[in-house]
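Open the viewer and keep the selection tool at hand. Each stop below tells you what to pick next and what to look for.

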Amino acid sequence: MSLKKVRQTKADKGFKIWDLIVYGAIIALAVVLFIVVFTTRDTSPLSGIRIYSKGAAVFEYSFESGKYQKLSEAAELDISDEGDKLIIKISCSEGYNVVELGKSGYVKVTDADCANKDCVHMRDIVDNSSAIYCTPHGLRIVPYEFEDDGIIIM
């Protein structure tokens, strides 16, 4: 580098006006995305859930009426009522999942026999903003009012 370039670099300001405009636009975009993501979720209480196995609805529960029903024979269901919760074991050819459904308004997967058990570590469903998926077994647990972002093929 020549001495002329070194002097010129020392004399320059750290940021030009266009640099500041670009950085400001990036920060504004990040703030807008943050607001959109966290304020558009449906956090209303659960009215009911539906459980799918390999794309077929096999079970549903209404928190409003406290009643459940088996919807199809696509998977084997073993349901036990323990007063304040239902324990549902869903078995298919790939394996099983154990779902705990609290009558007070929550759903979680407590056990599975798949390799990494991602569904067991997923966040409990307590409102209409989330769902639980187990890809190896083709299991999907969704609230009635849940809006999928796209098609999930299992």
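Begin with a search for disulfides: the structure holds zero of them. Select C119 next, which is in no disulfide, although the sulfur of C134 lies 3.8 Å away as its nearest cysteine sulfur. Keep in mind that this is a predicted model.

**Stop 1: the two cysteines**

A disulfide is a covalent bond between the sulfur atoms of two cysteines. Why is there no bond between the sulfur of C134 and that of C119? The 3.8 Å between them is too far for a bond. The cut-off for a disulfide is 2.5 Å between the sulfur atoms. Now turn on the surface. C119 is buried, at a relative accessible area of 1%. C134 is buried too, with a value of 2%.

**Stop 2: the five-stranded sheet**

Switch to the cartoon view. Five strands make an open sheet, and their order is β3-β2-β1-β9-β8. The pairing is antiparallel. Which strands are at the edges? They are β3, residues 67-70, and β8, and each of them pairs on one side only. From one strand to the next, the twist averages 15°.

**Stop 3: strand β9**

Select residues 139-143, which make up strand β9. Are its residues buried or exposed? Five of the five are buried, so the strand is largely enclosed by the rest of the structure. Look at one side of β9, where L139, I141 and P143 are buried. Then look at the other side, where R140 and V142 are buried as well. Both faces are covered.

Add β1, residues 48-53. Five bridges join β1 to β9, and the two run antiparallel. Find Y52, which stands opposite R140 of β9. Show the side chains of this pair. The charged end of R140 sits over the ring of Y52, at 4.3 Å from the ring centre.

Next, select β8, residues 132-134. Three bridges pair β8 with β9 in the antiparallel sense. Here I132 stands opposite I141 of β9. The two strands form a hairpin with four residues between them. Click on G138 in the turn: its phi is positive, at about 70°.

**Stop 4: strand β2 and its hairpin**

Move to β2, residues 56-62. Four bridges pair β2 with β3, again in the antiparallel sense. Which residue of β3 is the bridge partner of E60? It is Q69. The hairpin of β2 and β3 has four residues between the strands. Pick G66 in this hairpin, where phi is positive and near 75°.

Now select S62, which lies in β2. S62 counts as buried, at 16% relative accessibility. What does S62 touch, apart from its neighbours within four places in sequence? Its contacts are S47, G48, K67 and Y144.

Stay with G48 and add E145. These two are 97 residues apart in sequence, but 8.3 Å apart in space, C-alpha to C-alpha. E145 lies in the segment after β9. With a relative accessible area of 37%, E145 is partly exposed.

**Stop 5: aromatic rings**

Search the whole structure for aromatic pairs and you will find two. One of them joins Y61 and F63: their ring centres are 5.0 Å apart and their planes meet at 80°, so the pair is edge-to-face. An angle over 60 degrees between the planes is what counts as edge-to-face. Both Y61 and F63 are buried.

Then show K89 and Y96. K89 lies over the face of Y96, 4.6 Å from the ring centre.

**Stop 6: the four-stranded sheet**

Return to the cartoon. Four strands form an open sheet in the order β4-β5-β6-β7, with antiparallel pairing. The edge strands are β4, residues 76-81, and β7, residues 106-112, each pairing on one side only. The twist here averages 20° from one strand to the next.

Finish with β6, residues 95-102. How many bridges does β6 make with β7? There are six, and the pair is antiparallel. Select V99 as the last pick: it stands opposite V109 in β7.

Terms used:
Residues are numbered from 1 along each chain as its sequence is written. Side-chain values use heavy atoms; hydrogens and water are left out. Rings of Phe, Tyr and Trp (its six-membered ring) pair if their centres lie within 6.5 Å; planes under 30 degrees apart count as stacked, over 60 as edge-to-face and the rest as tilted. Buried means under 20% relative accessible area, exposed over 50%, partly exposed in between (1.4 Å probe, protein chains only). A charge sits over a ring if NZ of Lys or CZ of Arg is within 6 Å of the ring centre and within 35 degrees of the ring normal. Two strands pair if DSSP finds at least two bridges between them. Axes are lines fitted to C-alpha atoms, for helices over the stretch in contact, and angles run from 0 to 180 degrees between N-to-C directions. Contact means heavy atoms within 4.5 Å.
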